[in-house]
Amino acid sequence: MRVSLPYALTAEVTHRCPLHCPYCSNPIELQKRENELSTDAWLSVLEQAGDLGVAQVHFTGGEPLLRPDLERLVLRAREIGLYVNLITSGVGLTEERIRQLAEAGVDSIQLSVQASSAELADSIAGFRSHELKRQAAHRIRESGLPLHMNVVLHRANLHQIEEIIELCAEWGAQRLELANAQYYGWALRNVDQLLPRREQLQEAEAAYLRARERFGYHLELLWILPDYYEDFPKPCMGGWGKLSLTVAPDGRVLPCTASSEIRSLSFENVKERDLAWIWNDSPSFNAFRGYDWMPEPCKSCDRRELDYGGCRCQAFLLTGDARAADPVCKWSPNRSAITDRIGSIENGEFGTPNYAYRGR
Ligand code: SF4
Ligand code: FES
């Protein structure tokens, strides 16, 4: 089978993070600092990625600013010719840090926000970070860099969607991802606390559409679908091993950030193998390429070239079988894994959330 070239690298430089968000999609077991790749190992990853055809790198975590070598990595990535995006909570983005990052050549910074009011935002993050984010947004704009923002939407903040959009516009964002929570990793522990009702989602989507009209080209808004309420799954990652790859803090190379939880696969490490071999030839990257691996109902389904059977991580987490059709699909024999959950939310009472906070 012909293997395409990867377009993007997600460099998870650390799992350490000052925030404790209940919707964190990083795996349940986080990598400790002592297992993180060294600076030299990351520099080699970037060089190999450039040779492999990668065009853009997203530095993320955890909180990538916790790595004091971040500027060195950004500089090398730019020298190689990669577009560099930094995904950050903004905590630790001092004036000195933003100056160094801008000098190193970072192309864009994506800043997360949890809600429009400091009180709610801080209670979701489990950390008093909202004011620090406001300051970070200001510094990013002052440095002349484009400010991209993102918010993870869930039951506790969907009602604030209009105010969140207003806030991001006021802080100077040029782009805002309205990402409905996805239930991988730690987030799956909190799914019953996070999952909104259908009506709440419909109201929020209507507000997003109104805002899109209103802001036009001044603020690019992206609505990331809440897939539990869809009839068909998303073409996750644009297909397994097709467009992008992730390097985890310990050097394991993953087809997507959530896939380390697929226990039926083992993932190669850049400490032992080169990136090109892992992308082209490793069993994990080839596990779900093409269509031959598919069981029914995907095997004979007309939509298989549209959605690739949905998300492999979600299939594994909800059915124990990473080859199964994503249970979001209305034709999946495991659809009840989704509908039972939605049913209990639609009929249940919403109280004060009782989150399992990450890392506490
Ligand atoms: Fe997609 Fe499989 Fe459902 Fe068809 S049966 S729509 S390929 S998940
Ligand atoms: Fe891993 Fe969808 S999140 S394939």
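1. Helices and strands are named here as DSSP runs, numbered from the N terminus. In this numbering, glycine 241 belongs to the loop that connects β7 and β8. The model under discussion is a predicted one. Glycine 241 is classed as buried because 23 C-beta neighbours fall inside 10 Å, the threshold for that class being 20 or more. Apart from residues up to four places away in sequence, glycine 241 touches Pro255, Phe285, Asn286 and Arg289. Its C-alpha atom is separated by 32 Å from that of alanine 102, and the two residues are 139 residues apart along the chain.

2. The overall sheet may be considered next. Nine strands make up an open sheet with mixed pairing, in the order β7-β6-β5-β4-β3-β2-β1-β8-β9. Its edges are formed by β7 and β9 (253-254), each of which pairs on one side only. At the β9 end, strand β8 (residues 244-247) runs antiparallel to β9 and is joined to it by two bridges. Within that pair, valine 247 is placed opposite valine 253 of β9.

3. UniProt, in an unreviewed entry, lists residues 3-225 as "domain: Radical SAM core". In the model this span is 42% helix and 18% strand, and its end C-alpha atoms lie 28 Å apart.

4. The same resource, again from an unreviewed entry, assigns the feature "binding site" to Cys17, Cys21 and Cys24. Cysteine 17 is located in the loop between β1 (8-12) and α1 (39-52), and cysteine 21 also has its place in the loop between β1 and α1. Is cysteine 17 buried or exposed? Cysteine 17 counts as buried because it has 22 C-beta neighbours inside 10 Å. Cysteine 21 is likewise buried, with 26 such neighbours inside 10 Å.

5. The contacts of these two cysteines can be listed separately. Once neighbours within four places in sequence are set aside, cysteine 17 is in contact with Gly61, Gly62, Glu63 and Gly359. For cysteine 21, not counting residues up to four places away in sequence, the residues touched are Ile124, Ala125, Gly126 and Arg358.

6. Strand β4 (108-113) merits attention for its burial. Five of its six residues are buried, so β4 is largely enclosed by the rest of the structure. On one side, strand β3 (residues 83-88) runs parallel to β4 and is joined to it by four bridges; leucine 86 has isoleucine 109 of β4 as its bridge partner. The connection from β3 to β4 includes helix α3 (residues 95-104), and the three elements make a right-handed β-α-β unit. β4 also pairs with β5 in the parallel sense, over five bridges, with serine 112 partnered by asparagine 150 in β5. Helix α5 (residues 130-142) lies across β4 and β5, and runs at about 160 degrees to β4.

7. Strand β6 (residues 175-180) presents two faces: Leu176, Leu178 and Asn180 are on the covered one, while Arg175, Glu177 and Ala179 are on the uncovered one. This fits the general rule that side chains in a regular strand alternate between the two faces of the sheet. β6 pairs in the parallel sense with strand β5 (residues 147-153) over six bridges, and valine 152 stands opposite alanine 179 of β6. From β5 the chain passes through helix α6 (residues 161-170) to β6 in a right-handed β-α-β crossover. β6 pairs in the parallel sense with strand β7 (residues 220-224) as well, over five bridges; here leucine 176 is opposite leucine 221 of β7.

8. The packing of α6 remains to be described. Which residues of α6 are buried? They are Ile161, Ile164, Ile165, Leu167 and Cys168. These residues cover an arc of only 160 degrees around the axis, and therefore lie on the same side of α6. In general, an α-helix has 3.6 residues a turn, so residues three or four places apart point the same way. The elements against which the buried residues of α6 pack are β4, β5, β6, α9 (198-215) and β7. Just after the helix, glycine 172 adopts a positive phi of about 100 degrees.

Definitions and conventions
Residues numbered from 1 in each chain as written. Chains lettered and ligands numbered in written order. Predicted model: local features only at pLDDT ≥ 70, side-chain atom pairs only at ≥ 80, totals over all residues. UniProt positions renumbered as here; feature names shortened; annotations may be inferred. Buried ≥ 20, exposed ≤ 12 C-beta atoms within 10 Å, placed from the backbone. Contact = placed C-beta atoms within 7 Å. Pairing = 2+ DSSP bridges. Right-handed = clockwise from strand over helix to strand, strands pointing away. Arc of directions from axis to C-beta. Axes fitted to C-alpha atoms, helices over the stretch in contact; angles between N-to-C directions.
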